[in-house]
Amino acid sequence: MENIPNYIKVWPVQEAVGLNKYLQNIDENKNKVTFQTGYGPSGLPHIGTFGEVMRTSMVRHSFEKLYGVKTNLLCFSDDLDGLRKVPDNIPNKELVKQDLDLPLSKVSDPFGTHKSFADHNNSKLCEFLDSFNFDYNFISSTECYTKGVFNEALVQVLAKYNDIMEIILPSLGSERKLTYSPFLPISRKSGKVLQVPTLEIDTTTHSIVYRDVDGEKVKTSVTDGNVKLQWKADWAMRWFALSIDYEMYGKDLIPSANLASKICRLLGRKAPYQFFYELFLDDQGQKISKSKGNGLSVEEWLRYGSKESLSLFMFQKPKTAKRLYFDSIPRAVDDYHKFLEVYHQQSKEDKYQNPVWHLHRANPPKSELLVSFSMLMNLAGGNWINKYRNTSFICKKVC
């Protein structure tokens with residue numbers, strides 16, 4: 001444990017303090033605090049996905065330093081969800097189009113390297129998380145549903161079916177209300193994840209009745225991977241089943257998080273402590289998207305800037321919407337080294353407020369930057385990014 005003063009206002013420390021207060025008010029005997037990040041592998045993982053894991057890890061680090069409590073981080077992939085549209089930024093679109101509405105873990109891999117599209121995207125996610133040495137446990141939705149990890153929680157959702165409907169229905173349009181159910185049955189005939197009404201529920205056999213694509217009525221168990229939950233109910237169920245204590249998410253998900261919190265409480269557990277961040281935008285001011293592939297990728301950033309500069313970009317002002325494009329890189333590189341230069345002369349208290357303490361988990365190195373990126377830009381002149389696309393090793397030498 002570290003004696004971090006109460007006046008330290010840097011956001012990961014304040015989040016850790018808030019989380020500790022939350023934990024003191026829940027009636028659970030826990031020996032480990034669980035953080036979660038969520039990812040939908042309907043498209044290639046983007047830099048926003050990385051940012052969520054990085055920021056969550058910063059809060060986790062501050063919490064561990066403050067309170068000396070064991071923690072773990074779950075990186076959850078919603079890979080049992082049905083593919084609703086073909087992403088714009090993939091090859092072999094026709095191959096994937098044939099698998100619309102199948103679980104992502106059953107959709108063909110357009111890259112031809114893995115068993116499924118989800119396997120490919122999950123692999124990419126873990127690959128770049130590992131490159132940053134994150135400490136996490138990868139969790140697959142498909143495995144949790146099919147291996148019975150969620151069975152007890154799904155039975156509880158079925159028991160609270162009518163109450164959950166009362167929570168969700170007021171948030172839906174008139175047409176959607178007619179077909180909504182928290183349960184998405186997986187068709188035995190087509191293998192597709194169906195968005196159809198639940199006709200009957202049977203809490204004795206833990207089953208629902210629905211109408212399959214050919215019109216036949218089918219009764220199926222809600223356990224062992226026969227159904228998947230709609231994502232708001234699914235989010236709440238995961239909080240309940242996995243005993244999640246902390247999760248952050250984009251500002252656009254606040255209404256969904258409010259509904260999920262109500263459902264989680266209905267299931268019998270207080271919703272986790274939450275933090276919402278502003279969205280990342282591309283150079284046109286549009287929200288970055290996995291399916292569109294707009295905005296800057298992790299690989300593009302790392303071609304010109306360091307991992308630490310990218311981490312700093314994620315650290316700074318998480319409650320402010322930020323454009324994520326090439327001009328962000330030089331500023332982040334130079335700022336990172338400025339913070340490094342002052343860190344080793346700062347008092348212990350001031351070090352907690354220096355971003356590099358959070359980036360390096362309390363052990364920052366000394367800066368070895370010889371020439372600032374801004375100076376390099378001035379020397380390159382004009383459209384620097386086009387001039388250096390094929391000579392990025394120059395940037396690497398100084399950044």
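Colleague: In this predicted model, what share of the contacts with a separation of 6 or more joins residues 24 or more positions apart?
Modeller: Take the contacts in the protein chain with a separation of 6 or more. Then keep those between residues 24 or more positions apart. Their share is 68%.

Colleague: What radius of gyration does the protein chain have, and why does it agree with a compact globule?
Modeller: The C-alpha trace spans about 70 × 50 × 35 Å along its principal axes. With 399 residues, a compact globule would come near 21 Å, so the chain's value agrees. That value is 23 Å.

Colleague: How much of the chain is buried?
Modeller: The cut-off is under 20% relative accessible area. Of the 399 residues in the protein chain, the buried ones make up 52%.

Colleague: Where does pLDDT stay under 50?
Modeller: The chain averages a pLDDT of 90. At least 70 is reached by 93% of the residues. The stretch under 50 has 30 contacts beyond four places in sequence. It is residues 387-399.

Colleague: Which strands are the edges of the open five-stranded sheet?
Modeller: The chain has 18 helices and twelve strands. Five of the strands form an open sheet with parallel pairing, in the order β3-β2-β1-β9-β10. An edge strand pairs on one side only. The edges are β3 (137-140) and β10 (273-277).

Colleague: By what angle are neighbouring strands of this sheet turned against each other on average?
Modeller: The strands in question run in the order β3-β2-β1-β9-β10. Ignoring direction, the average turn between neighbours is 25°.

Colleague: Which residue in β3 stands opposite Ser77?
Modeller: Strand β2 covers residues 71-77. β2 and β3 pair in the parallel sense over four bridges. Opposite Ser77 stands Ser140.

Colleague: At what angle to β10 does helix α1 run?
Modeller: Helix α1 takes in residues 11-24. The helix lies across β1 (33-39), β9 (246-250) and β10. Its angle to β10 is about 150°.

Colleague: How many disulfides are there, and why is Cys126 not bonded to Cys75?
Modeller: A disulfide needs two cysteine sulfurs within 2.5 Å. For Cys126, the closest cysteine sulfur is that of Cys75, 7.5 Å away, so the gap is too far for a bond. Cys264 is in no disulfide either, with its nearest cysteine sulfur, in Cys144, 16 Å away. The count is zero.

Colleague: Is Cys264 buried or exposed?
Modeller: Buried means under 20% relative accessible area. Cys126, at 16%, counts as buried. Cys264 has a relative accessible area of 0%, so Cys264 is buried.

Notes:
Residues are numbered from 1 along each chain as its sequence is written. This is a predicted model: local features need pLDDT of at least 70, side-chain atom pairs count only at pLDDT 80 or more; totals for chains, interfaces and linings use all residues. Side-chain values use heavy atoms; hydrogens and water are left out. Buried means under 20% relative accessible area, exposed over 50%, partly exposed in between (1.4 Å probe, protein chains only). Two strands pair if DSSP finds at least two bridges between them. Helices (H or I, at least four residues) and strands (E, at least two) are DSSP runs, numbered from the N terminus. Axes are lines fitted to C-alpha atoms, for helices over the stretch in contact, and angles run from 0 to 180 degrees between N-to-C directions. Contact means heavy atoms within 4.5 Å. pLDDT is the predictor's confidence in each residue, from 0 to 100. The radius of gyration is taken over C-alpha atoms; the globule rule is 2.2 Å times the number of residues to the power 0.38.
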